[in-house]
Amino acid sequence: MRRLGPGDVTGVRRLNALFAEAFEDAEHYAAAPPPDDWLDALLARDDVIALVAEADGAVVGGLVAYVLAKFEQARREIYIYDLAVAEVHRRQGVATALIAEVRRIAGEIGASTVFVQADVGDDPAIALYAGLGSRLDATHFDMAPL
């Protein structure tokens, strides 16, 4: 497992390919890939965490999280935005190891919590997250920009 950093655009592209396959969502993860300079700039940011789990040179799992600075207190939270493991590598501890690494990073930077959402009906994800933390039920809304 490793954290992607500046200059690792190939790693991000491999990660996005995994997300496209795992989420069955090529439209969002593969149809309009951003240019290398966009990805490299994201990888250089301290508030972006991109992790990959690799086996035999292939990305078999990955996670993208964002560090959110808060206004109500001088603290940070980390939001796990995407997490996926290739189907043949599931139920082998890859996702748990990726989350453990984000939690380690959270401790390193003094973040107060790591949080994630799971879609209703995604029972494997809900079971994974329930085994790692406390559950808060919420309803998520997406709003288009004006």
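Which side chain does the side chain of E77 make a polar contact with? Keep that in mind as you open the model, which is a predicted one. The tour comes back to E77 after a look at the whole chain and its strands.

**Stop 1: the whole chain**

Start with everything shown as a cartoon. The chain holds five helices and five strands. Starting at the N terminus, you can trace the elements in the order β-α-α-α-β-β-β-α-β-α. Now switch on a surface: the chain exposes about 9700 Å², and carbon and sulfur atoms supply 53% of that area. Of the 146 residues, 32% count as buried. If you draw the contacts between residues at least 6 apart in sequence, 57% of them join residues at least 24 apart.

**Stop 2: three strands in a row**

Select residues 48-55 and 58-69, which are strands β2 and β3. They pair in the antiparallel sense, over eight bridges. To see one position in this pairing, pick A53, which stands opposite G61 in β3. Then move to the turn of this hairpin, where two residues lie between the strands. There, D56 takes a positive phi near 50°.

Next add residues 76-85, strand β4. β3 and β4 run antiparallel and are joined by nine bridges. A good pair to highlight is A65 with its bridge partner in β4, I80. The hairpin that joins β3 to β4 passes through six residues.

**Stop 3: back to E77**

Now select E77, which lies in strand β4. Its side chain makes a polar contact with the side chain of R75, at 3.3 Å. Is E77 buried or exposed? With a relative accessibility of 11%, E77 counts as buried, because the cut-off for buried is under 20%. Show its surroundings as sticks: setting aside residues up to four places away in sequence, E77 touches Y66, V67, L68, K70, S112, T113 and F115.

**Stop 4: aromatic rings**

Colour the aromatic side chains. A search of the whole structure finds six aromatic pairs. One of them is F23 with Y29: the ring centres are 5.5 Å apart and the planes meet at 55°, so this pair is tilted. F23 is partly exposed, with a relative accessible area of 32%, whereas Y29 is buried, at 19%.

Then turn to Y66 and Y81, an edge-to-face pair with 6.0 Å from centre to centre and 75° between the planes. This pair links distant parts of the chain, as Y66 sits in strand β3 and Y81 in strand β4, 15 residues apart. Both tyrosines are partly exposed, with relative accessibilities of 31% for Y66 and 47% for Y81. Widen the selection to Y66, Y79, Y81 and F115, and you have a cluster linked by ring pairs.

**Stop 5: the nonpolar cores**

In soluble globular proteins, nonpolar side chains tend to be buried together. To look at this here, select I49, L51, L63, I78, I80, L83 and L98. These residues have the most contacts inside the largest nonpolar core, which has 19 residues. β2, β3, β4 and α4 (94-109) each supply at least two residues of this core. Which element gives the most to this core? The answer is α4, with seven residues.

Zoom in on I49 and show what surrounds it. Leaving aside neighbours within four places in sequence, I49 is in contact with R3, L63, V64, A65, V67, I78 and I105. Apart from the largest core lies another, of 16 residues, among them L4, L39, L43 and V64.

**Stop 6: D8**

For the last selection, choose D8, in the loop between β1 (2-3) and α1 (9-22). D8 counts as buried, at 14% relative accessibility. Setting aside neighbours within four places in sequence, D8 is in contact with R2, D40 and L43. Finally, draw a distance from its C-alpha to that of L39: D8 and L39 are 8.6 Å apart in space and 31 residues apart in sequence.

Notes. Residues are numbered from 1 along each chain as its sequence is written. This is a predicted model: local features need pLDDT of at least 70, side-chain atom pairs count only at pLDDT 80 or more; totals for chains, interfaces and linings use all residues. Side-chain values use heavy atoms; hydrogens and water are left out. Two strands pair if DSSP finds at least two bridges between them. Helices (H or I, at least four residues) and strands (E, at least two) are DSSP runs, numbered from the N terminus. Rings of Phe, Tyr and Trp (its six-membered ring) pair if their centres lie within 6.5 Å; planes under 30 degrees apart count as stacked, over 60 as edge-to-face and the rest as tilted. Buried means under 20% relative accessible area, exposed over 50%, partly exposed in between (1.4 Å probe, protein chains only). A nonpolar core is a set of buried Ala, Val, Leu, Ile, Met, Phe, Trp, Tyr and Cys residues joined through side-chain atoms within 4.5 Å. Contact means heavy atoms within 4.5 Å. Accessible areas come from the Shrake-Rupley method with a 1.4 Å probe; for residues, only the protein chains shown count as cover. A polar contact is a pair of N or O atoms within 3.5 Å; within protein, one must be able to donate a hydrogen and the other to accept it, and residues adjacent in sequence count only if both atoms are side-chain atoms.
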